Amino acid sequence: MTTAQSRDQIADQIAAELGHSFAGEMLAGGHYVPIVRDGRTLYTSGQVPRVGTVVAVTGRVGDAVSLEKACEGVQICALRCLTLLRRELGSLDGIEKLLRVGVFVQCTSDFTQQSEVADAASDLLHRVFGDAGVHVRTAVGVYQLPKNASVELEMSAVARHPAG
């Protein structure tokens with residue numbers, strides 16, 4: 001008899017498939033915090049595709065960065081947000097539902113596949129959470145992102161239980 005994988009195990013498996021680990025410290029670079037909890041609702045700050053101290057995907061999508069590389073970058077961003085949620089709750093199994101995902105793509109003026117970049121994050125989140133990972137979403141193109149990151153992602157979620 002096989003047992004179903006936990007959400008934590010699925011997220012770890014995806015990170016391993018991408019060749020990354022998010023076990024280290026995740027620092028905030030200013031007067032803000034990476035995650036805030038208000039009752040059962042959790043909000044993450046925007047996460048760039050940073051692995052350790054290196055932003056793994058930089059440059060303008062549609063120019064120096066391919067759609068495929070941007071999709072990899074946004075998956076890293078999503079995994080960083082999941083790491084923040086896991087650290088806050090002790091496990092991703094403490095999430096009842098994802099609410100919203102915002103994706104920002106640093107891109108050329110003629111790049112119009114922001115939704116396809118965001119799909120890579122949405123697909124990853126559905127893989128981890130199943131139907132509880134289906135969310136509302138915004139995907140926008142922007143001129144510049146911090147540290148020349150190609151993508152940035154933020155999310156909000158509902159915990160199963162209030163803070164206590």
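Strands here are DSSP runs of E with at least two residues, numbered from the N terminus. By that rule, Tyr-43 sits in strand E2, residues 41-44. The model is predicted.

Start at the surface. Tyr-43 joins Val-33 and Val-36 in a nonpolar patch of about 260 Å². Tyr-43 has a relative accessibility of 41%, so it counts as partly exposed.

Turn next to the helices. Two packed helices are described by the angle between their axes and the distance between the axes. Helix H1 covers residues 7-18, and helix H2 covers residues 67-89. Their axes come within 11 Å and cross at roughly 145°. The crossing of H1 past H2 is left-handed. On the H1 side, the contact is made by Asp-8, Ala-11, Asp-12, Ile-14, Ala-15 and Leu-18. They meet Glu-72, Gln-75, Leu-79, Leu-82 and Arg-86 of H2.

Now the charged pairs. The whole structure holds seven salt bridges. One of them pairs the side chains of Glu-17 and Arg-127, at 2.9 Å from N to O. This pair links distant parts of the chain. Glu-17 belongs to helix H1, while Arg-127 belongs to helix H3, residues 114-129. The two are 110 residues apart. Arg-127 is partly exposed, because its relative accessibility is 38%.

Arg-40 and Glu-96 form another salt bridge, at 2.4 Å from N to O. Arg-40 lies in the loop between strand E1 (35-38) and E2, and Glu-96 lies in strand E5 (residues 95-106), so the bridge ties together parts 56 residues apart in sequence. Both ends are partly exposed: Arg-40 at 31% relative accessibility, Glu-96 at 38%.

Strand E5 also supplies Arg-100. The side chain of Arg-100 meets that of Glu-154 in a salt bridge of 3.2 Å, N to O. Glu-154 is in strand E7, so this pair ties together parts that are 54 residues apart in sequence. Arg-100 is partly exposed, with a relative accessible area of 31%. Glu-154 counts as partly exposed at 26%. Elsewhere, salt bridges that share partners join Asp-8, Asp-12 and Arg-86 into one network. These residues also appear in the helix contact: Asp-8 and Asp-12 in H1, Arg-86 in H2.

The loops come last. Gly-59 is found between strand E4 (54-55) and H2. Is Gly-59 buried or exposed? Its relative accessible area is 9%, so Gly-59 is buried; the cut-off for buried is under 20%. What does Gly-59 touch, leaving out residues up to four places away in sequence? Its contacts are Val-65, Gln-106, Asn-148, Ala-149 and Ser-150. Gly-59 also lies 9.2 Å from Leu-145, C-alpha to C-alpha, although 86 residues separate the two in sequence.

One of those contacts, Asn-148, leads to the loop between E6 and E7. Lys-147 lies in this loop too, between strand E6 (136-142) and strand E7 (151-159). Which backbone angle stands out in Lys-147? Its phi is near 60°, a positive value in a residue other than glycine. Asn-148 is not a glycine either, yet its phi is positive, at about 65°. Lys-147 counts as exposed because its relative accessibility is 61%. Asn-148 has a relative accessible area of 34%, so it is partly exposed. Asn-148 is thus a partly exposed residue in contact with Gly-59, which is buried.

Terms used:
Residues are numbered from 1 along each chain as its sequence is written. This is a predicted model: local features need pLDDT of at least 70, side-chain atom pairs count only at pLDDT 80 or more; totals for chains, interfaces and linings use all residues. Side-chain values use heavy atoms; hydrogens and water are left out. Patches are made of residues with over 30% relative accessible area and no salt bridge: like charges are joined within 9 Å, nonpolar side chains (Val, Leu, Ile, Met, Phe, Trp, Tyr) within 5 Å. Accessible areas come from the Shrake-Rupley method with a 1.4 Å probe; for residues, only the protein chains shown count as cover. A salt bridge is a side-chain nitrogen of Lys or Arg within 4 Å of a carboxyl oxygen of Asp or Glu. Helices (H or I, at least four residues) and strands (E, at least two) are DSSP runs, numbered from the N terminus. Buried means under 20% relative accessible area, exposed over 50%, partly exposed in between (1.4 Å probe, protein chains only). Axes are lines fitted to C-alpha atoms, for helices over the stretch in contact, and angles run from 0 to 180 degrees between N-to-C directions. A crossing is left-handed if the near helix is turned anticlockwise from the far one by less than a right angle, and right-handed if clockwise. Contact means heavy atoms within 4.5 Å.
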